[in-house]
Amino acid sequence: MPLFAELLQGLADVFTLAVLLAILAGVAISQFVGALPGIGPVMVMAVAIPYTLAFDPIVGISFLLGAMKGGTIGGAIPAILFNTPGTPDTAMTTLDGYPMAQNGKAKKALRMAVFSSVTGDTFSDIVLITVSAPLALIALRMGPVEIFSLMVLAFAVIAGLSGKSIGKAISAAGLGLLLATVGLDPEDGTPRLYFGVFELFDGIPKVPLAIGVLVMAEVLHRLTQVGTADPPAVDLNASNDPADHQLTFAEYWACRYIMFRGAIIGTLIGALPGIGSTAAATLSYTTAREAAKDHSGFGKGDIRGLAAVESANSAVAGSNLIPLLSLGIPGSVTAALVLSAMLVHGIQPGPLIFEQQGRLVYGIFGAMLVANVINFAIGLFGWRLWARVAAAPQTVIFASAILLCIAGSSVVTGGIFGLVVLIGATVLGVVMKLLDFPVIIFIITFFLGRQFERSYGQMLTLTEGNPANLIEFPVAIALLTLAFAFLSLFAIRRR
Amino acid sequence: MLAIIAVTVVIPANTEEGFGVFVLPKTMPTAAAIVIGLGALIALFEASGEDALHVGTTMRVSLFVLLLVASSLAIGQIGFKLAAPFLGLSVMMLAGERRWLWLSVGSLGMPLAIWLLFEVLLGRPLP
């Protein structure tokens, strides 16, 4: 099909009632959940994957994309109003957002958070749309040996950047790979490590495992810390001066360079595997403070600080999908969940997706841009409601999340087996959390384990099992050397 | 230790020989177990006093895990619709919630909403 026709069809798919409603629901639910301190878009996405099975791939994936974006605004609301970050990446939002609220400028702060968040996010999406297809073309020129080496490099970078201990990260990566080998061997279909459980022939189901490790473990951990006291109320109308409530164009425009810089930082960090939005927000805030002529107001309610943080942490969302769509390698938990949803729907992300599923890819791009508009509209008008939600007791929210996880896991696998996997994954996730093992590298290696093994087999076939034959693949050697160098560097820096 | 047991006992006992030339069924599991062991060795050298478990948190999390296991058994026996209200109620009570309105929202409202969503709207049977 000609490229232009695919592009038009993909975009047309977005403007159907089902897709628009899916994006709307994803954004609204994620803003709602993001507004609850401690849980964010990851939870919404993981729990929602089983539900997306009832719909067409573009509808289900659009919901997840909406959820991915909604959390970027939802998390800022409790950070500004209650000094409690809704999501980890909004911890920096509290630095200037909460002092603004205390100074009677809560509405202005919330509006700035919405504007700068959508600005950063849109910038990142535009980069995703323009960069991922050319990158996929380059990736198509790579053979199995280079793909295998690229995956090793990605694993090394993620392992190096996630968590405090390089050893624990390597162990977590190994565990993900080990669990991915359960089921039929991809080479010759021999069953292995199924321990007499025939349901495991197809491998450990991805969705219950992701929900258990990512959501249930977090919820159980949070449940040990929640209190039942209501958060302190913030008077949204504390100031009588209308200028304290409104965000003028002049104020927005004055922050354009800060937001642009934040968007660039967020986009670059989002495109690299394993770093995440918290680092982007921190780097953007620090850079904005250092670059400002008068930085005495930072940390005391400076709107520039808020713009720097929100533009950067939101810009991570779009560029997170660059390595996923162009290389088939997710660089973050949210991207891994999008990958999981795609696999559940029978879609394999990677360089070939532009050729084989062009219409879907352009639909995804269109859905991301539409999600920004909806995110902006709901964020601008819905924050009053979310502010009330943020004050709801977490005990109820977490109990509801547990019930949703159990129902979703059972439905996606068609019975009790999903529940058993969910419980096992929850126990594993809790142990990993208590012992401080990074979950992100575990999830990514688990999701990519099968593909990794296949590439490994192809590499051995091409090199005839002789490592010396790698000399014929200079790109692969460079990638493997880089991986080793990264791991060594991270290990040395940690000491 | 787990990695050694996996490589020497678990993996050989639970994988067949296969027909592969370069990659046998046990190749990748063995490699993964070696990676786990290697990581554990590095972690041993990195270990610091900060790695100690917080006993209170561990005990409370374990309580929730036990409750979850018991509820799963109950779901297997009596089904989600009957077991879910008790699970919701127990979780909230264990977390310290005592306000009856919120207790009824979490233990009755939410299971009802899930049932409506899955069985009525999406047409997917709950266990």
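This report describes the contact between chains A and B, one enclosed helix of chain A, and a few residues with positive phi, all in a predicted model.

**The contact between the chains**

The contact draws 54 residues from chain B and 54 residues from chain A. On the side of chain B that touches chain A, the elements giving two or more residues are α2 (27–46), α3 (55–78), α4 (80–95) and α5 (100–121) of chain B. Of these, α2(B) gives the most, with 12 residues. By residue class, the side of chain B that touches chain A divides into 36 nonpolar, 12 polar and six charged residues.

Within helix α2 of chain B lies Gly39(B), which is buried, because 24 other C-beta atoms lie within 10 Å and the cut-off for a buried residue is 20 or more. When neighbours within four places in sequence are left aside, Gly39(B) is in contact with Gly167(A), Lys168(A), Ile170(A), Ser171(A) and Gly174(A).

**Helix α6 of chain A**

In chain A, helix α6 (residues 93–102) has nine of its 10 residues buried, and it is therefore largely enclosed by the rest of the structure. The buried residues of α6(A) are Thr93(A), Thr94(A), Leu95(A), Asp96(A), Gly97(A), Tyr98(A), Pro99(A), Met100(A) and Ala101(A). Their cover includes α5 (76–82), α7 (106–140), α13 (277–291) and α14 (303–319) of chain A. After α6(A) comes Gly104(A), which has a positive phi near 85°.

**Positive phi in residues other than glycine**

Most residues other than glycine have a negative phi. Leu193(A) nevertheless has a positive value, near 50°, and Phe195(A), which is not a glycine either, has a positive phi of about 50°. Leu193(A) lies in the loop between β2 (191–192) and α10 (206–223) of chain A, and Phe195(A) is likewise found in the loop between β2 and α10 of chain A.

How are Leu193(A) and Phe195(A) placed, buried or exposed? Leu193(A) is buried, since 23 other C-beta atoms lie within 10 Å, whereas Phe195(A) counts as exposed, since it has 9 C-beta neighbours inside 10 Å. The table sets out these two residues together with Gly39(B), for which burial is assessed by the C-beta count.

| Residue | C-beta atoms inside 10 Å | State |
|---|---|---|
| Leu193(A) | 23 C-beta atoms within 10 Å | Leu193(A) buried |
| Phe195(A) | 9 C-beta neighbours inside 10 Å | Phe195(A) exposed |
| Gly39(B) | 24 C-beta atoms within 10 Å | Gly39(B) buried |

Notes:
Residues numbered from 1 in each chain as written. Chains lettered and ligands numbered in written order. Predicted model: local features only at pLDDT ≥ 70, side-chain atom pairs only at ≥ 80, totals over all residues. Contact = placed C-beta atoms within 7 Å. Helix = DSSP H or I, 4+ residues; strand = E, 2+ residues; numbered from the N terminus. Nonpolar A, V, L, I, M, F, W, Y, C, P; charged D, E, K, R; others polar. Buried ≥ 20, exposed ≤ 12 C-beta atoms within 10 Å, placed from the backbone.
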